[in-house]
Amino acid sequence: EVDWFSLASILFLLMFAPLIVYYFIMSCDQYQCSLTDPLLDLLTGKKHLSDIWNRTPMVTYKAAAIYSLWVTFQVFLYLSIPDFCHKFLPGYVGGVQEGAVTPAGVVNKYEINGLQAWIITHVLWFANAYCFHFFSPTIIFDNWIPLLWCANILGYAVSTFAMIKGYFFPTNAKDCKFTGNFFYDYMMGIEFNPRIGKWFDFKLFFNGRPGIVAWTLINLSFAAKQQELYGEVTNSMILVNVLQGIYVLDYFWNEAWYLKTIDICHDHFGWYLGWGDCVWLPYLYTLQGLYLVYHPVQLRTDYAMGVLMLGLLGYYIFRTTNHQKDLFRRTNGNCRIWGKKPEYIECSYMSVDGTKYYSKLMTSGFWGWARHFNYTGDLMGSLAYCLACGFEHVLPYFYIIYMTILLTHRCIRDEHRCSSKYGKDWKCYTAVVPYRLLPGVF
Ligand code: NDP
């Protein structure tokens, strides 16, 4: 059943999320990243919507060609080159891996080759920038708005296709979810793991590529633009490139682990993931780099070091917390967390067919500090990207506001699910670990 609040939120997002992305990108293009000036111009009648729209670059053949080539290349890397990184990188888990058991009892196989796709793409990028000069490294920045329309076309096309596929030719009919509400189904998805053929998995592909592979290239293109415009790359731009680069690399290094996260394990594939991965992620997660092209901030060294430390500490907490849970679950608790045997609560739950299963919830390590300390680390890292941009405008701070809403909502959503899954065992767990994100506060 879809409650009125979920429906209202979904309608709001379907209507306004594309506009929000447009507003942010347009305000950089036309108003030097000021979020208030366009509103003031409109409210005081100095400008009309049509004036702003008329100054907005439209889709071009060049952008369409770049984007088509980009997506085709990523599909090619995803489908055609089996992973070789796991053969020579110690500790890296790649190649064919299994996902979690779906509610219908299916275990999907995935070709984990995202790290390889990322490396190949970036090697080619640098080879072009330093040797071949086929195109300028500022190409992404220079076509940023025309590319936005292309990304939207793909985002809407893939979400609509996924909906039609869910009705008429689902990959696994038993894993489909129909609420009867068109908007909810479109937004949250019908199919759990839509696929084309044996290997083209929509969730894995769209979650990681084309958006996350592009993330670091987009930042590099912004850095190149700074160099072109001002003859130097500022330390703030380097900070943003480095900190976000670590986050992106972490994603690909742990791509097999991501198969067990909420996006892949519990969410269905609809507009939320399809459009979100194509448009929201590459355009709004990279706002700091875009902002720094318009406002090249040179930070004081001690301030820059502070931001770097915050970012690295956030990353350390994010990674260690995720690693502790992964290790704990993989070894069924037979491991050491901070040199000691982990503490945990035994819990059980019932599947739809009435079978009883057993699981464990860890209560030591970072999981004893708070129930989602991995989100806390993520938020610290996110804050660091924003702080790297100084305090002149609010636009670069959108990311931390958004991440706080996203992760708090995710935390509540996850706890609601876990509470109905584990019942009284979940209550015991929350009594032992009473805080969600910040020990003593929330
Ligand atoms: P988690 O990795 O926290 O997974 C939550 C699940 O873990 C729960 O549903 C439960 O699953 C299990 N669990 C909860 N508590 C315990 C415990 N104490 N011991 C053992 N297992 C437990 O959440 P996500 O998948 O949302 O996040 C993964 C990472 O991805 C996070 O670090 C997050 O910050 C990041 N992320 C980043 C986003 C971005 O846009 N940058 C977006 C989303 C996530 P079960 O049913 O198996 O018990």
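## Exercises on a two-domain interface

About 3,000 Å² is buried between domain 1 and domain 2, and carbon and sulfur atoms give 66% of that area. Keep in mind that this is a predicted model. Let's work through it.

**Exercise 1. Find the two domains and work out how many residues of each are in contact.**

*Solution.* Start with the bounds: domain 1 runs over 1–298, and domain 2 over 301–441. Next, place them relative to each other: their C-alpha centres are 24 Å apart. Now collect residues with heavy atoms within 4.5 Å across the boundary. You should end up with 34 residues from domain 1 touching 31 from domain 2.

**Exercise 2. Which helices build the side of domain 1 that touches domain 2, and what is the polar tally across the interface?**

*Solution.* Take the polar tally to begin with: 8 residue pairs are in polar contact across the interface, both partners being at pLDDT 80 or more. Then go through the helices on the domain 1 side. H1 (4–31), H12 (235–253), H13 (255–258), H14 (262–265), H15 (271–284) and H16 (287–294) each put in at least two residues. H12 has the largest share, with 9 residues. Finally, sort this side of domain 1 by residue class: 21 nonpolar, 10 polar and 3 charged.

**Exercise 3. Count the salt bridges across the interface, then check the pair Arg 319 and Asp 250.**

*Solution.* The count across the interface of domain 1 and domain 2 is 2. For the named pair, the test is a side-chain nitrogen of Lys or Arg within 4 Å of a carboxyl oxygen of Asp or Glu. Arg 319 and Asp 250 come out at 2.6 Å, N to O, so their side chains do form a salt bridge.

**Exercise 4. Compare the record with the model for residues 6–25 and 147–168.**

*Solution.* Pull up the unreviewed UniProt entry: its "transmembrane region" annotation covers several spans, including 6–25 and 147–168. In the model, residues 6–25 are 100% helix and 0% strand, with end C-alpha atoms 28 Å apart. Residues 147–168 are also 100% helix and 0% strand, and their end C-alpha atoms lie 31 Å apart.

**Exercise 5. Look at the backbone: where does Gln 32 lie, and what is the peptide bond from Arg 209 to Pro 210?**

*Solution.* Recall the background: most residues other than glycine have a negative phi, and most peptide bonds are trans. Gln 32 sits in the loop between H1 and helix H2 (36–43), and its phi is positive, near 55°. The bond from Arg 209 to Pro 210 is cis, with omega near 10°. Pro 210 belongs to the loop between helix H10 (202–208) and helix H11 (211–230).

Note on methods:
Residues numbered from 1 in each chain as written. Predicted model: local features only at pLDDT ≥ 70, side-chain atom pairs only at ≥ 80, totals over all residues. Heavy atoms only, no water. Domains from an automatic or database assignment. Buried area = accessible area lost by both parts, 1.4 Å probe. Polar contact = N/O pair within 3.5 Å; in protein donor to acceptor, adjacent residues only side chain to side chain. Helix = DSSP H or I, 4+ residues; strand = E, 2+ residues; numbered from the N terminus. Nonpolar A, V, L, I, M, F, W, Y, C, P; charged D, E, K, R; others polar. UniProt positions renumbered as here; feature names shortened; annotations may be inferred.
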